[in-house]
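Student: Could we go through this model together and check the labels we put on its parts?
Tutor: Gladly; let us set each value against its cut-off.

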Amino acid sequence: MKLKLISCTMLFAASLAVHAGHVMDVNTKKIGAPVSPTMYGIFFEDINFAADGGLYGELVKNRSFEFPQSFMGWHVFGNVALKDDGPFERCPHYVVLSDPGHRERRTGLQNEGFFGIGVEKDKQYRFSVWAKAPKGKSQIRVQLIDQNTMEERQQFVEQKLDITSADWQKYEIVLKSTRTNAKAQLRIFLSNDNPVALEHISLFPVDTYKGRVNGMRRDLAEALQDMHPGVFRFPGGCIVEGTTLDTRYQWKNTIGPVENRPLNRNRWEDTFDYRYFADYYQSYGLGFFEFFQLCEDIGAEPLPVLSVGLACQFQNKLDAHAQMDELQPFIDDCLDLIEFANGDPATSKWAKIRAEMGHPAPFNMKYIGVGNEQWDTPYFERLKPFVTAIRAKYPNIKIIGTSGPDSEGKMFEKGWEAMKAQKADLVDEHFYRPEAWFLATPEAKKKYGNCGAMRYDSYDRKGPKVFAGEYACHGKGKKWNHYETSLYEAAFMTGIERNADIVEMATYAPLFAHVDGWQWRPDMIWYDNLRLFKSVSYYVQQMYAMNKGTNVLKLTMKDPADAKGKKSQPVAGLDGQDGLFASSVFDKTTGEIIVKVVNTNKQAQDITLNLQGMTGAPVATTLTLNHNGSMDDENTLDTPTKITPVAGSVKCEAAKKAVVLNDQLPAMSFRLYRIKK
Ligand code: AHR
């Protein structure tokens, strides 16, 4: 009897340290599987005007007159002739501006940019053009104009440029904007009797990412850098495949001087006729060299994905694809790319181009994806010779295959089986699914099968690793960015983290969207010509990426259905867990325990973190993502910081062989804790 009393007292004392709420046990002593440094990354695709009109700083649309309708994006006036024997053989078009025939008439042209040209007061813009004046010195006037102003003059910047040579030469001037205007235009007048030929008419902000001449839009690239991504997948997506094979993404067309990179029809030009953009082309100014360089700048592993010889399978019949005996050029594209990225300029033709472009050192590419969202026999049989060729020449490169567009079902299973059989290193899975999938509700489990945060718990540990290469929660009937779906992404990601032994990387998709030019939403970062906002999903990704730790720690909660209290289970919104999701990692580099808890319940929840094996009473620093009152809320261009993570702290208590942290999680919130061991 006495003994019983003592043990009851001890139990009571121990429970004093914890609230009655949800007790999560974290075993801090047993360091689990490593979390891959590539775990949380970025998926880049030129959709929603992500490249031209987005990340690529070029402000002039159709700068080389290569669009099929040569003057798309331009208004020409007076005596303007289009020619096609210019100095760049893969972009042969140019214009000749000649005397309009009367002294009161004008010759010139005007570019509308991408939904306008965004310029800021006092900032500098580099105008450049290839030009010649075959009949003697000529001159143009270069203006930034406001087409819609009621003022006396439309131009708010003007500079003259003499064209002095009869041969093609590059000319450059820097314009300083006297105002901020998100929808300015570029106007060029011929201001001389002598004709002038103009090619590759370009305008860039001087202030680009890392100050690179004619580089990337600074704010957008910095937003990527600030995410601290572990991996950067490029160039897509469906764009890798093309609507037709000839419009697939061809990396070899994207390197070398920008003036000679041939135009490509963007696959997203007309995919959805309800969001139709007839002027969506790829200048390839943002090409593979630039992508590799960006990866280096932001510290992400480059992950290029190339065509397997299949055009988009949704949109084509079998005869549209490269046949089995036509695959060699596609295989060569993969092998040559590895050389381009990693080869020695002294011995490799492709590496030499890399060096000539300014990067003699290798980019250290480790991964290659072959095929995007491809399925069934046409894919499996084509992939084989790629795998054989890459393995033979570059055995250390990790090959990523795909399980197709579905996240479950017959084709998905078949895809995984085939990837296992071909010994792919990773399998690229895509899931754009509704709330129920991310929460793994009973209905969703019935409909989809394996979904939600427990998805990877049952994966075969002996096969390829997982690359969750495209995913986002698409609200049912609300397929746009809003807080609630981002929160469910956070909940789902606890499952990725818990299963870091099988999931090597995960990238939300798509990345970018221009508010005037999008085809697909939700997206991670939105912008107009001057501003951007980071969505709540961005902050979820960033919170994970910046707190990914180095190793998984086991985190469990007692199964409330087990009367003896012996059974523990992961915290994944299971019965009796009241909508809580959680995962935990250790960071060897800082000695910190990091715990992420997501409360998907509409009520606040008391939680206790029982950090077994720790001593002391440290203070945990916290970062919380909480809504602003409405589940439909989202940041906007006008209120870009409405919903951002908020820092705080919680005092822990010392307990027997443990540190205990009691907290109350606000309804529908995501909080992470960092506790120094
Ligand atoms: O992310 C948008 C598209 O979704 C990608 O291009 C494609 O891979 C997927 O279907």
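Tutor: What follows is a conversation about the ligand, the cysteines, some aromatic rings and two loop residues in this predicted model.

Student: Let us start with the ligand. Which residues are around the ligand?
Tutor: The residues around it are Phe43, Glu45, Gly237, Cys238, Trp268, Asn372, Glu373, His430, Tyr432, Glu470, Pro510 and Trp520. By class, this shell divides into six nonpolar, three polar and three charged residues.

Student: What makes the pair between Glu45 and the ligand a polar contact?
Tutor: The cut-off is 3.5 Å between N or O atoms. An N or O atom in the Glu45 side chain is 2.5 Å from a ligand oxygen, so the pair counts as a polar contact. The side chain of Glu373 also has an N or O atom 2.9 Å from an oxygen of the ligand. With Cys238 the backbone is involved: one of its N or O atoms lies 2.8 Å from a ligand oxygen.

Student: How much of the ligand does the protein bury?
Tutor: Taken alone, the ligand exposes 280 Å², and the protein buries 94% of that.

Student: Now the cysteines. How do you know that Cys312 is in no disulfide?
Tutor: The nearest cysteine sulfur belongs to Cys238 and is 5.3 Å away. A disulfide needs two cysteine sulfur atoms within 2.5 Å, so Cys312 does not qualify. In fact, a search of the whole structure finds zero disulfides.

Student: Why is Cys312 called buried?
Tutor: Buried means under 20% relative accessible area, and Cys312 has 1%, so the label applies. Cys91, at 3%, counts as buried too.

Student: On to the rings. What makes the pair of Phe77 and Phe189 edge-to-face?
Tutor: Ring centres must lie within 6.5 Å to pair, and planes over 60 degrees apart count as edge-to-face. Phe77 and Phe189 are 5.7 Å apart centre to centre, with 65 degrees between the planes, so they meet both conditions. The pair links distant parts of the chain: Phe77 is in strand S3 and Phe189 in strand S12, 112 residues apart.

Student: Are those two rings buried or partly exposed?
Tutor: One of each. Phe77 has a relative accessible area of 22%, so it is partly exposed, while Phe189, with 12%, is buried.

Student: Why is the pair of Phe88 and Trp130 called edge-to-face?
Tutor: Their planes are at 85 degrees and their centres 5.1 Å apart, so the name fits. Phe88 sits in the loop between strands S4 and S5, and Trp130 in strand S8, 42 residues apart. At 11% relative accessibility, Phe88 counts as buried. How many aromatic pairs does a search of the whole structure find?
Student: It finds 51.

Student: Where is Asn481, and what does its side chain contact?
Tutor: Asn481 is in the loop between strand S21 and helix H10. Its side chain makes a polar contact with the side chain of Trp526 at 2.9 Å. A polar atom of the Asn481 side chain also lies 2.7 Å from the backbone oxygen of Asp523.

Student: How do you know that Asn481 is buried?
Tutor: Its relative accessible area is 10%, and buried means under 20%.

Student: And why is Ile31 called partly exposed?
Tutor: Partly exposed lies between the 20% and 50% cut-offs, and Ile31 is at 35%, so that is its label. Ile31 lies in the loop between strands S1 and S2.

Technical notes: Residues numbered from 1 in each chain as written. Predicted model: local features only at pLDDT ≥ 70, side-chain atom pairs only at ≥ 80, totals over all residues. Heavy atoms only, no water. Near = heavy atom within 4 Å. Polar contact = N/O pair within 3.5 Å; in protein donor to acceptor, adjacent residues only side chain to side chain. Areas by Shrake-Rupley, 256 points an atom, 1.4 Å probe, with all protein chains shown as cover. Nonpolar A, V, L, I, M, F, W, Y, C, P; charged D, E, K, R; others polar. Buried < 20%, exposed > 50% of the residue type's maximum accessible area, 1.4 Å probe, protein only. Phe/Tyr/Trp six-rings, centres within 6.5 Å; stacked < 30°, edge-to-face > 60°. Helix = DSSP H or I, 4+ residues; strand = E, 2+ residues; numbered from the N terminus.
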